[in-house]
Amino acid sequence: MQEVLPVAWYYDEKDDTPMPVIRKAFDAGIMNIDIPEAYGGMGLGLIEQALVTEEIAAACAGLATSIFDSSLGMEPILLSNNETAKKTYLPKIVKDFKLTAFATSEPTMGSDVAGLRCKATPDGDDYILNGTKYWITNGGVADYISVFATIDPKSQHAGICAFLVEMDWEGVTVGRKIPKMGQRCSNTVGINFKNVRVPKENILAPPGKGFVLAMQTFARTRPIIGSFGVGAARAAMEYALDYAKKRKAFGMTLNNYQAVQFKLAEMYQKVETARLLTWKAAWESDQGRDATTSASIAKFYATETALEVANEALQIFGGYGYTKMLPIEKLLRDIRLLRIYEGTSEVQRVIVAGHLMNKYQATMPALEDLPLHREFDPLDQQAPQAGQKVWRCRICGHVHYGNEAPEACPFCFFPKTAFKEVR
Ligand SMILES: Cc1cc2nc3c(=O)[nH]c(=O)nc-3n(C[C@H](O)[C@H](O)[C@H](O)COP(=O)(O)OP(=O)(O)OC[C@H]3O[C@@H](n4cnc5c(N)ncnc54)[C@H](O)[C@@H]3O)c2cc1C
């Protein structure tokens, strides 16, 4: 807070990346904190990462992006099976202030990772990279980049592979900085790869394994995007609370009006629930569980509620909220991005819906197996229906007691075959 808040608006206005502040974050030991001790790191978990990120994002979500992006870029190395790459690069990231970017997105695709087109052509044990990556955070300031490419764009998931590329290798060109609506202090560029030779030591995932590596990476990084939302939304709520206590309208300060109190209460509720969801996903990941679904839920809940919170905060500020003299308009611009990068809100819904449709284990019995005893107490042994078989119409749910199902349902007229014996 002390380091980031004072410079946040300056770098936003300047549209520039505050390298001295990123360096301070590195020196303070709050970057890449989940690199294991075996590679010189602190060996902390995502919970700690979430705590740190919430605080930085409260001061400036753009700077949180710049600082955390190095973890995003580093994660594929950590998750890969390439021990040589881990031993070569992770200690340098920890000790030598080496920043790492991450690249799946391209000018013509973002959500559809399996549709990427950056080409990796085998050449002996090496690969030759050709193609363009777009929207690359820290691309203009990073030392390394985790690049996802394909041996054959038509082969979709089966062709996708990943490499660790050093940004000063021959054939790597960084494009001009992309001008953005918010998070302007985070560096975002396109990167072109022209005949870039990648040695076999730098293969993070061979063809067919790259897509899974990208998804495993997102399962670890999406909870932290949730923390961006929690931090920025909390800041918006706190500013709005402060303003509501000071601004007078109709003879009273705003905080006396229940309509304003309710807005603040809902903002607080959203910040708290978003934080819990974020921590749940981070905790699952720290436990070594597959946190894919929780990470998606945390990401889309926390980032969408953050936008709602910032929007309501602006409302409480009235006209002042819309100016550049007070902090809300920047928060709103910065937060808007959270619903887009690392998988849009829609993509998170696709993932959660896929889990529900294919993997979710229901605790409740299926509807057709569920008797609804309305006519007698099933625990009453003396009731006239006690001891009789129970039949349920699969169509309308009618429950029938008797040794046989009825010839037809008295409600929906479906024949006997519609009945299932249930308990
Ligand atoms: C500032 C910034 C920084 C970024 N940093 C990085 C980075 O460091 N590395 C990196 O690789 N990428 C980065 N990205 C890219 C980001 O991940 C993509 O923008 C994002 O994944 C969406 O892709 P797209 O922009 O191509 O949109 P598209 O994929 O073209 O989608 C457009 C719209 O269609 C919707 N849509 C797409 N498919 C479906 C579907 N199946 N069902 C319903 N809706 C759908 C999307 O949700 C979206 O609303 C960054 C982006 C920005 C803006």
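I'll start at the ligand. One of its oxygen atoms is 2.6 Å from an N or O atom in the side chain of T344. Before going on, note that this is a predicted model, so please treat every value as computed from that model.

How much of the ligand does the protein cover? On its own, the ligand has 970 Å² of accessible area, and the protein covers 65% of that.

Back to the contacts. With T344 the protein atom belongs to the side chain. With T104 the atom is a backbone N or O, and it lies 2.9 Å from an oxygen atom of the ligand. G110 also uses its backbone: a polar backbone atom there is 3.1 Å from a ligand oxygen.

Now the wider surroundings. How many residues surround the ligand? There are 19. The closest are S105, S111, W135, T344 and E346. So T344, which we met through its side chain, turns up in that list as well.

Sorted by class, the shell around the ligand has 8 nonpolar residues, 7 polar ones and 4 charged ones.

Which strands each supply at least two residues of this shell? They are strand 1, residues 100-103, and strand 3, residues 126-137. Strand 3 provides the largest share, with 3 residues. As for the site itself, the space that the ligand takes is the largest pocket.

Let me step back to the whole protein. It has 423 residues, and 51% of them count as buried. Its secondary structure comes to 10 helices and 13 strands. Taken along the principal axes, the C-alpha atoms fill a box of roughly 85 × 75 × 40 Å.

Next, a few single residues, beginning with buried ones.

L46 is found in helix 3, which covers residues 46-59. Is L46 buried or exposed? Its relative accessibility is 1%, and the cut-off for buried is under 20%, so L46 counts as buried. Its C-alpha atom is 6.9 Å from that of W283, although the two residues are 237 apart along the chain.

Q183 is in the loop between strand 6, residues 172-174, and strand 7, residues 188-198. Its relative accessible area is 0%, so Q183 is buried. Look at its backbone too: phi of Q183 is near 45°, a positive value in a residue other than glycine.

N195 is another residue to look at for its phi. The angle is near 50°, again positive in a residue that is not glycine. N195 is found in strand 7, whereas Q183 lies in the loop between strand 6 and strand 7.

Now for the exposed residues.

F250 is found in the loop between strand 9, residues 248-249, and strand 10, residues 252-253. Why does F250 count as exposed? The cut-off for exposed is over 50%, and F250 is exposed because its relative accessible area is 81%. How far is F250 from N81, C-alpha to C-alpha? The separation is 65 Å, and the two residues are 169 apart along the chain.

K324 lies in the loop between helix 8, residues 292-317, and helix 9, residues 328-336. Its relative accessible area is 52%, so K324 is exposed. In sequence, K324 and W9 are 315 residues apart; in space, their C-alpha atoms are 9.2 Å apart.

The last residue is R423, in the segment after strand 13, which covers residues 419-422. R423 is exposed, with a relative accessible area of 63%. From R423 to A386 the distance is 11 Å, C-alpha to C-alpha, and they are 37 residues apart in sequence.

To recap, the ligand takes the space of the largest pocket, with 19 residues around it. Among the single residues, L46 and Q183 are buried, while F250, K324 and R423 are exposed. That's all from me.

How values were computed: Residues are numbered from 1 along each chain as its sequence is written. This is a predicted model: local features need pLDDT of at least 70, side-chain atom pairs count only at pLDDT 80 or more; totals for chains, interfaces and linings use all residues. Side-chain values use heavy atoms; hydrogens and water are left out. A residue is near a molecule or strand if one of its heavy atoms lies within 4 Å of it. A polar contact is a pair of N or O atoms within 3.5 Å; within protein, one must be able to donate a hydrogen and the other to accept it, and residues adjacent in sequence count only if both atoms are side-chain atoms. Accessible areas come from the Shrake-Rupley method with a 1.4 Å probe; for residues, only the protein chains shown count as cover. On a 1 Å grid over the protein atoms alone, a cavity is a set of points where a 1.4 Å probe fits but cannot get out, and a pocket is an open set with protein on both sides within 12 Å along at least five of seven lines; lining residues have an atom within 4 Å of a point. A molecule sits in a cavity or pocket if more than half of its atoms lie within 2 Å of its grid points. Helices (H or I, at least four residues) and strands (E, at least two) are DSSP runs, numbered from the N terminus. Ala, Val, Leu, Ile, Met, Phe, Trp, Tyr, Cys and Pro count as nonpolar, Asp, Glu, Lys and Arg as charged, and the others, Gly among them, as polar. Buried means under 20% relative accessible area, exposed over 50%, partly exposed in between (1.4 Å probe, protein chains only).
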